[in-house]
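Q: Hi! I'm new to this one, could you walk me through it?
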Amino acid sequence: MFDIKLSIFSKNKSLEKKIDLFHDKLIDVTMIFKKAIKIFLTEKRSEDYKKLSKQIKQIEHDADILRREIENDLYTKNLIPDLRGDVLQLVENLDRVVNRFDEVTYKFYIEQPDIPSEYHIRLSELCSQVSECVENMVIASRSFFRNTSAVRDYAQKVYFIENETDISSGKLKEALFDSPLALANKLQINALVSAVADIADIAEDCIDELLIFVIKRDV
Amino acid sequence: MGYSFFFFLSSGLFLGWSLGASDASNVFGTAVGTKMIRFRTAAITASVFVIIGAVYAGSGTSKTLGELGSINALAGAFMVAFASALTIFLMVKASLPVSTSHAIVGGIIGWNIYSGKPTDVAVFSKIVSTWILCPILAGIIAVILYLIIKLVLRKSKIHLIALDYYTRTGLILAGAFGAYALGANNIANVMGVFVDSSPLHGFNWKNIIELNSTQVLFLIGGISIALGIITYSQKVIKTVGNDLMAMSPIIALIVVIAQALVLFIFSSTDLRDFLVSLSLPEIPLVPVSSTQAVIGAIMGIGIAKGGKGIKWSVVGRIAIGWVLTPTFAALSCFILLFFLENVFNQVVFLP
């Protein structure tokens with residue numbers, strides 16, 4: 001009986017650890033993404049960029065494995081079904097964010113867009129905003145597991161920053177289409193800007209659902 | 001002791017069965033309804049503990065019902081339980097809130113009137129005041145528990161996964177305690193009226209299990225409640241369990257604990273004696289409604305959360321139940337006793 005109890009405790013601990021590790025992966029990916037785009041803007045598809053792109057791919061792969069393990073644990077460890085469903089949904093939402101970071105980094109790698117230097121600061125700023133938005137989403141998500149009352153504070157930050165990214169990407173696109181660049185070039189950069197800004201939109205969607213989970217768990 | 005005893009006991013057993021079928025949802029309703037606990041686990045736990053509660057701690061509330069009216073003929077006891085069961089059936093049909101505790105008290109008063117025996121007004125008023133006190137006390141306990149748990153959760157920052165495990169374990173333990181308290185408090189409704197006329201003897205198994213005649217009667221009653229839980233409570237939980245308690249797992253846990261504590265307080269002779277030894281006021285041991293305790297607890301938490309806790313329509317319906325259920329049970333018991341005595345030539349009371 002005592003062994004059973006200990007085994008349940010250790011299994012719970014291991015699940016808690018995996019969830020924490022999953023959040024760590026998200027923080028890592030935002031940091032590397034920010035750095036990678038800065039390098040791309042100055043060095044284009046350099047060895048450094050390739051290295052960072054590979055790192056993001058590896059994180060995406062590791063996150064997928066962790067997600068599957070968490071999902072498996074959620075269904076085998078006798079959790080309350082309601083919580084199980086919410087945690088599962090949350091982990092899948094977070095995984096979507098990691099995947100999108102990987103997709104965007106790869107898009108830059110494959111397409112090698114020719115981005116004029118006058119847009120570098122704005123694009124770099126947009127990437128920083130997106131990263132900050134996701135970071136706050138990750139902190140909100142982590143808080144959901146330990147301190148639900150803090151989720152709302154970080155959620156508010158995510159909403160604010162996501163709005164800022166909308167404004168930044170809008171201005172960047174406006175400037176882009178006002179420029180004498182070739183239409184093909186404009187469309188290519190426009191698609192990339194949209195892809196970057198979309199990451200913040202996904203983070204916002206995650207927060208929307210997270211807030212519902214918090215209401216459901218409210219004591 | 002012939003088969004006639006079991007025939008007369010059947011109305012009490014039916015009451016027990018319906019009590020198990022309906023009141024198990026107050027103990028395990030949310031946990032099973034939201035699939036936190038499997039029905040099988042809940043039913044087995046509830047059945048075992050309801051029987052233990054009935055046999056071990058059921059005497060206190062039965063004594064109080066005995067003080068209200070000592071039904072001294074088996075046929076009379078049968079009709080009191082039958083009239084109560086009939087009242088419950090009709091009240092449920094009319095969608096009015098009903099409690100076995102209220103019905104049986106009405107039935108006993110009906111028997112008192114028919115047999116010309118006086119009803120102790122002091123005992124009656126003690127019972128009625130307990131009915132009113134039950135949801136209020138459940139509400140107060142729920143609020144205290146709610147505030148403590150909220151504070152602990154805020155300070156301790158337990159991981160949600162660990163909290164989930166504690167909640168689940170807590171629901172099983174609270175459910176077991178709730179079932180024990182239900183058996184201890186409500187067995188009087190099921191078997192209390194048969195105590196004075198029961199021909200059953202005590203039971204002794206190698207000096208390990210020793211039961212007196214009342215405990216044997218309560219064991220039979222406890223089994224009938226357990227059968228109600230096993231055979232029909234799942235259906236009740238599926239249809240009504242979730243409506244009453246659509247709440248988070250922790251709130252559900254608080255509600256179950258509050259309800260169990262109230263039922264325990266009103267049935268524990270040990271607790272009563274302990275409080276008396278401390279020169280504190282004596283707690284009346286009275287069968288109360290577990291459903292009304294649950295409603296009181298939910299309303300209490302509603303108030304603590306700053307919402308509209310008290311739904312006056314629900315309070316009104318409960319108050320109607322307090323008046324209507326015993327009145328109808330008394331009236332139907334009186335009429336049915338007349339038929340039993342004059343049409344079927346049964347002895348329904350001894351002078």
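A: Happy to! One term up front: buried means under 20% relative accessible area, exposed over 50%, and partly exposed in between (1.4 Å probe, protein chains only). This is a predicted model, where local features need pLDDT of at least 70 and side-chain atom pairs count only at pLDDT 80 or more, while totals for chains, interfaces and linings use all residues. Residues are numbered from 1 along each chain as its sequence is written, chains are lettered from A and ligands numbered from 1 in the order in which they are written, and side-chain values use heavy atoms, leaving out hydrogens and water.

Q: Cool. Is Lys63(B) buried or exposed?
A: Lys63(B) is exposed, because its relative accessible area is 56%.

Q: And which residue does Lys63(B) form a salt bridge with?
A: With Glu67(B), the closest N and O atoms being 3.7 Å apart. A salt bridge here is a side-chain nitrogen of Lys or Arg within 4 Å of a carboxyl oxygen of Asp or Glu. Glu67(B) is partly exposed, since its relative accessible area is 40%.

Q: How many salt bridges are there over all chains?
A: The count comes to 19.

Q: What about Lys18(A), which partner does it have?
A: Lys18(A) pairs with Glu69(A), at 3.7 Å between the closest N and O atoms. That pair links distant parts of the chain, 51 residues apart: Lys18(A) is in helix 1 (residues 2-43) of chain A and Glu69(A) in helix 2 (residues 47-76) of chain A. Helices (H or I, at least four residues) are DSSP runs, numbered from the N terminus.

Q: Why does Lys18(A) count as buried?
A: Because its relative accessibility is 19%.

Conventions
Helices (H or I, at least four residues) and strands (E, at least two) are DSSP runs, numbered from the N terminus.
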